[in-house]
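Please look through the structure below before reading on. The paragraphs that follow take the sheet, the helices and the contact between chains in turn.

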Amino acid sequence: MTTTTGAPPRRNIPVALARGFLTGGVTGGSLAVLVVGVVLEKVPLLLAGPGIPVVYGLLLSLAGAPRRAREAAVVPRTALAVIESRDAAASKVSDVPVRFELTVVPDDGPAFRVGFTQDVHDTDLPDYRPHGVVVVRYPPDRPWLVRIVKRPTPEWEERAAAARLDPAPDATRFSEPPEVRGVGFLGLLGLLLAAAAVVLLFRADLFDRKAATPPPSATPTVSSTWSTTVVSAGSGTVVLDAGRSFLDQGELRRSVEALTGERESRQAITVVVQENLLSVVFSPAGAAAPDFDPLTLPYDRIPALVEEARTTLGVHAPQTWRLTADAVTGPLTVRIGVTGPEGSAALEADGQGRVLRRTTAH
Amino acid sequence: MDWHRILLLWCGAFGLLALVGYGRSLAGVTRAQRTVRVTGRIERVREPRNGGSERDGIAVVVRFRDPSTGEEFTVTNDGDRGDRITTAWVGREVGIRYPPGRAHAYRFSDDLQDGRRGLGRPTFAVFLVYCGLVALAAIDWGWPWALVASGAPCAVLTAFHLPGERDRGRSRLDVLTAATPVPGRVIAVLRTVTTDEDGDLRTRRAPVVSFTTHEGTAVTAYYPSDLPDTAVSYGQELTVHYSPADPAVFTPDLAAERRSEGKSLGCAVTALVVTAAVAVAGVVLLLVLPA
């Protein structure tokens, strides 16, 4: 086989660009999928995050297998070469990267020039002086991958010792095919597009997450406020849509959980419930206020207690009811007041929902 | 998170890979089974330069014949050529392997029989399946099962191999002690300076010993890696004990060799005790902890 000099083979530009875009896309997409998986706590996404690049890498490896097999089957060629120049970088490590400029003189082809960098141990550097003859090895189809043989066979060692080689003109230089321009830009573009596409795909889950936590049929309007007054007090309010009531099954507990869910301390001073309005006054941080955990209210008993207050306390057509829970007097106390044409009546229960006191309408 | 499903998927995937691997091995189509394995012979040994690279091994010229074509090849251990040659003498046999039809891609091998059937990867896949099953058992039946399942097999394997290793070590020491020693010399101290992940410089050094056996074999070898060599210096004279049957079995410091043998036996016994204790602790916890 004869080595031909001249222009190096061109890289396949569309394939290189497509690969750059795909690699960027897979990187951005998989990272975004992983982050979305962590935020949404979805196992399939958590698995897909690292899984996508693994599968892509496997596919890329499979696609490159024929080329690698073809390249591995090429028998490397050994030849003599003369060192035109040598540039050793300053290095603290023992293997110094050295930039060589060589004229390679194959036995069966024209001489050519080539430049490359190879690590040389610092004690071996004197062996590679300019104008010295060395033995090199290179794949005939990719001469720019030439490497100096540091331990040649005795036959080549003798040939190198006896050889006198002339430098080749610079026009015969072989160099690696240049990188395709724009691959980096397309990779970045793919990365951003894929990441944006993943976020857009899961936008509903990502951005409506808080509203979607309770069942959609009972979605309350949540307005949680945090006051930055001197006493650092906080409060939360939930207003239910018209037609819904806190006496509906599980409604009150869900709404209180929605208000306390993301707070560091959920201790409250007062919980007030009126038909479709819930108001919680939270305990200021560090204050020794008589507070309680609003989640310990006897939620299962509350509808029955309200019903009892509306029907048994002498108010025959109650217009409104109001539940107040606090621990001002020591233990948690739930007061339910009803108001009607006959006046007002009230019922008092303990933390377990047991009725302690009844005040009938006058 | 549904860990059950993930672990089952893990076990299933690696189980499938293991089956494919064992099937390929049975069919004789693994890369390891197709690899050509021949024995070459060292024709020349070059004396290393003091301060030279520790990575490249002893420079040798080796001749081997490709069994399919009958063609003879003369090669050297230049660059990345498989196992590093650390002990060499003219006439020594060395293992060489390469893909069929690609003698130019030769690699040196310390043990030609190693990995001959290509079962390494499927066996590793089985190990991963076992790890998955242990995790499943730990989740379903209680975490002490993880102690039992990891400690018990290690203890059994260590106990199984310990007597053989001890006998091998003893017989090796007996051979070295019985042999008449020969004078040796440190002909080079090789070194490689690299940077670690923190950017700090790290120097690896390897003294090279040369001695001539009573049979006239000139051996050039790296100082045994399991012996302390920080005090060994260039030009130092040594007394070398070696096995006449195989000069690659040698020691320039018999006392250190004995200490090293005792230390490795101690390590194996400690490993046995620790792994057995882990397994026993697991069993005890299973009995004590409420279900």
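How many bridges join strand β1 of chain B to strand β2 of chain B? In this predicted model, the two strands are joined by 4 bridges. Strand β1 covers residues 36-45 of chain B and strand β2 covers residues 60-65 of chain B, and they run antiparallel. A position to look for is B:R41, which stands opposite B:R63 in β2(B).

These two strands belong to a wider arrangement in chain B. There, 5 strands form an open sheet, and reading across it gives the order β3-β2-β1-β5-β6. The pairing in this sheet is antiparallel. Its edge strands are β3 and β6 (107-109) of chain B, each of which pairs on one side only. From one strand of the sheet to its neighbour, the turn is 40° on average, with direction ignored.

Next come two helices of chain B. Two packed helices are described by the angle between their axes and the distance between the axes. For helix α3 (residues 120-141) of chain B and helix α4 (residues 144-178) of chain B, the axes come within 7 Å and cross at roughly 150°. An angle over 145 degrees counts as roughly antiparallel, and α3(B) and α4(B) are therefore roughly antiparallel to each other. Their crossing is right-handed.

Which residues make this helix contact? From α3(B) come B:V134, B:A137, B:A138 and B:W141, and they meet B:W145, B:A146, B:A149 and B:S150 in α4(B). Sorted by class, the contact of α3(B) with α4(B) has 7 nonpolar residues, 1 polar residue and no charged residues.

Chain B also touches chain A. The contact takes 17 residues from chain A and 24 residues from chain B. On the side of chain B that touches chain A, the elements giving two or more residues are β3 (72-76) and β7 (182-195) of chain B. Of the elements on this side, β7(B) gives the most, with 5 residues. Strand β3 of chain B thus has two roles to note: it is an edge strand of the open sheet, and it gives two or more residues to the contact with chain A. By class, the residues on this side of chain B divide into 8 nonpolar, 10 polar and 6 charged.

Chain A itself can be outlined briefly. It has 8 helices and 14 strands. Of the 362 residues in chain A, 28% are buried. Among the contacts in chain A with a separation of 6 or more, 61% are between residues 24 or more positions apart.

Technical notes:
Residues are numbered from 1 along each chain as its sequence is written. Chains are lettered from A and ligands numbered from 1 in the order in which they are written. This is a predicted model: local features need pLDDT of at least 70, side-chain atom pairs count only at pLDDT 80 or more; totals for chains, interfaces and linings use all residues. Two residues are in contact if their C-beta atoms, placed from the backbone, lie within 7 Å. Ala, Val, Leu, Ile, Met, Phe, Trp, Tyr, Cys and Pro count as nonpolar, Asp, Glu, Lys and Arg as charged, and the others, Gly among them, as polar. A residue is buried if 20 or more other C-beta atoms lie within 10 Å of its own, exposed if 12 or fewer, and partly exposed in between; C-beta atoms are placed from the backbone. Axes are lines fitted to C-alpha atoms, for helices over the stretch in contact, and angles run from 0 to 180 degrees between N-to-C directions. Angles under 35 degrees count as roughly parallel, over 145 as roughly antiparallel, 65 to 115 as roughly perpendicular and the rest as oblique. A crossing is left-handed if the near helix is turned anticlockwise from the far one by less than a right angle, and right-handed if clockwise. Two strands pair if DSSP finds at least two bridges between them.
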